[in-house]
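Okay, thanks everyone, I'll keep this short. Could you pull up the sequence and the structure next to each other while I talk?

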Amino acid sequence: MNTTEILKEKLKEIHHILKENYADKEHLGVLSGISGISLFQFYYARFVEDEQIADIGVAVISETIQRMNDGYSFPTFCTGIAGAGWVLELLNEEEFIDIDNDELLSDLDNYLLESMESDIKNEYFDFLHGAIGYGYYFLKRYQNTASEPLRHQYKEYLFQLIKALRKSSHTNERGVFWKYELHKKDNLHGTNLSLSHGMASVINFLSRLYQYQDFQEYVKDLLIGAVDFIISYKYPGESQSSFFPSWVYPEMEKYTNSRLAWCYGDLGMGISLWKAGKALDNGEYKELAIQTLKNSTKRRDVEEARINDTGLCHGVFGIITMFNYMYKETKELIFKETADFWMEEALKMDTYKDGYAGYKQWRGDQEEWKNEANLLEGIAGIGLSMISYLAPSENQWNQCLMIN
């Protein structure tokens, strides 16, 4: 079989596994819960033009709503209610479902605002688990609500986050930055540059806000200052495997190469610089983004790139998704060729007879391989990446990773 046929067979297998196993997931969030699994079923139904598969997506999202009604209360974007609400918004945008989210979701606003405020108080500006994640949800509601009073409310919520980012920011000769706990055990503090937890996600988020006139004058200086800070840490020359470190701290003695992945490293940095360049119409930012990502196309050794598994977060399908997106954006053939290379590598990694579609997730904290269904690290995300590879127009879903 050729690659297309192999991927189509994999998608069938993933569909059936998720159909049987989605209810086992405890949480609801887009990245680590069952709502993200619904995204796979809806996009797969569109891909194969089968409404019966879409019915499974409806069943998954109905289960999500029922659990919220029954008192499920974990709030975050990655794992909880904010992420599930974001999924309901995207499904409406894509016309997979027709739900009045203003009625369904607005009752959750105060709780999610309180959760965001709690993280703001602790200066916890994390995309997956903290304040930026709630802001990302409120931005989606701001974009989509049919109610002007609610739109004004979400604007105020977003202003609250912008003001908190400004208040918590630090400025030096390099630019604007935020302080993060980098390693709890070693009590190491500095600045996290990553897309998953650090400054790349702040830049990405501010770039999305900047597209709306309501926010432009309030975020422009923060956005430019944050981009300048990250650029100041670009490694001199181009002899390094990566252009940027994963994080920086005052006592750091030397640069080390970051991994090739969605979560940490140059791919997330490049995507976020690209977003900032487009938002600000800044050619220098866009050019550096392309240089950074083109340099990443040279990294084709699994061990050097520190790749252990295939999931979107830190595995091969995250790499494929990001290069696929940049090919769509730029039409630079090197990005398509690199996505093709990593797809061939991914198809060599389906080696687990007891794995989901042959794949397992590596859990470094537990030093073991596990079956995983979710979007961020499991086969729901792997399947969505396959769909986007085969049908490049089918990639609005990857907004949940701050890519599209």
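I'll go through a couple of helices, a sheet, the core and then some odd backbone angles. Keep in mind that this is a predicted model.

Let's start with helix α4, residues 81–93. How far apart are its end C-alpha atoms? They're 18 Å apart, and since 13 residues at 1.5 Å a residue should span 18 Å, that agrees.

Now, is α4 mostly enclosed or mostly open? Well, 11 of its 13 residues are buried, so the helix is largely enclosed by the rest of the structure. If you want to click along, the buried run goes Ile 81, Ala 82, Gly 83, Ala 84, Gly 85, Trp 86, Val 87, Leu 88, Glu 89, Leu 90 and Leu 91. Yes, Glu 89 really is among the buried ones. And what's covering them? The cover includes α2 (34–48), α3 (51–69), α5 (101–105), α6 (109–121) and α7 (131–144). After α4 comes Glu 95, with a positive phi near 60°; I'll get back to positive phi at the end.

Next helix: α10, residues 216–232. Same ruler here: with 17 residues at 1.5 Å each, the expected span is 24 Å, and the end C-alpha atoms are 24 Å apart, so that agrees too. The buried residues in α10 are Val 219, Leu 222, Leu 223, Gly 225, Ala 226, Val 227, Phe 229 and Ile 230.

Let me zoom in on Ile 230, which sits in that helix. Its relative accessibility is 1%, and the cut-off for buried is under 20%, so Ile 230 counts as buried. Who does it touch? Setting aside anything within four places in sequence, Ile 230 contacts Leu 193, Met 199, Ala 200, Ile 203, Phe 244 and Met 269. Met 269 is 39 residues away along the chain, yet the two C-alpha atoms are separated by 8.5 Å.

On to the sheet. There's an open one with 3 strands, ordered β3-β4-β5, and the pairing is antiparallel. On the edges you've got β3 (180–183) and β5 (247–248), each pairing on one side only. Strand β4, residues 188–192, is joined to β5 by 2 bridges. One to look for: Asn 192 has Trp 247 in β5 as its bridge partner.

Okay, the core. Nonpolar side chains tend to be buried together in soluble globular proteins. In this model the largest nonpolar core has 145 residues, and the ones with the most contacts inside it are Leu 31, Phe 138, Trp 178 and Trp 262. Helix α8, residues 148–168, gives the largest share of that core, with 9 residues. As for Trp 262, if you skip residues up to four places away, its contacts include Phe 127, Leu 195, Gly 268, Cys 313, Met 322, Leu 376 and Ile 403.

Last bit, back to those backbone angles. Glu 49 isn't a glycine, but its phi is positive, about 55°. You'll find Glu 49 in the loop between α2 and α3. Buried or exposed? Its relative accessibility is 73%, so Glu 49 counts as exposed.

Lys 331 is another non-glycine with a positive phi, near 60°. Lys 331 is in the loop between α13 (316–330) and α14 (333–347), and at a relative accessible area of 55% it's exposed.

That's my tour, so let's hear your questions.

How values were computed
Residues numbered from 1 in each chain as written. Predicted model: local features only at pLDDT ≥ 70, side-chain atom pairs only at ≥ 80, totals over all residues. Heavy atoms only, no water. Helix = DSSP H or I, 4+ residues; strand = E, 2+ residues; numbered from the N terminus. Expected span 1.5 Å × (residues − 1). Buried < 20%, exposed > 50% of the residue type's maximum accessible area, 1.4 Å probe, protein only. Contact = heavy atoms within 4.5 Å. Pairing = 2+ DSSP bridges. Core = buried A, V, L, I, M, F, W, Y, C linked by side-chain atoms within 4.5 Å.
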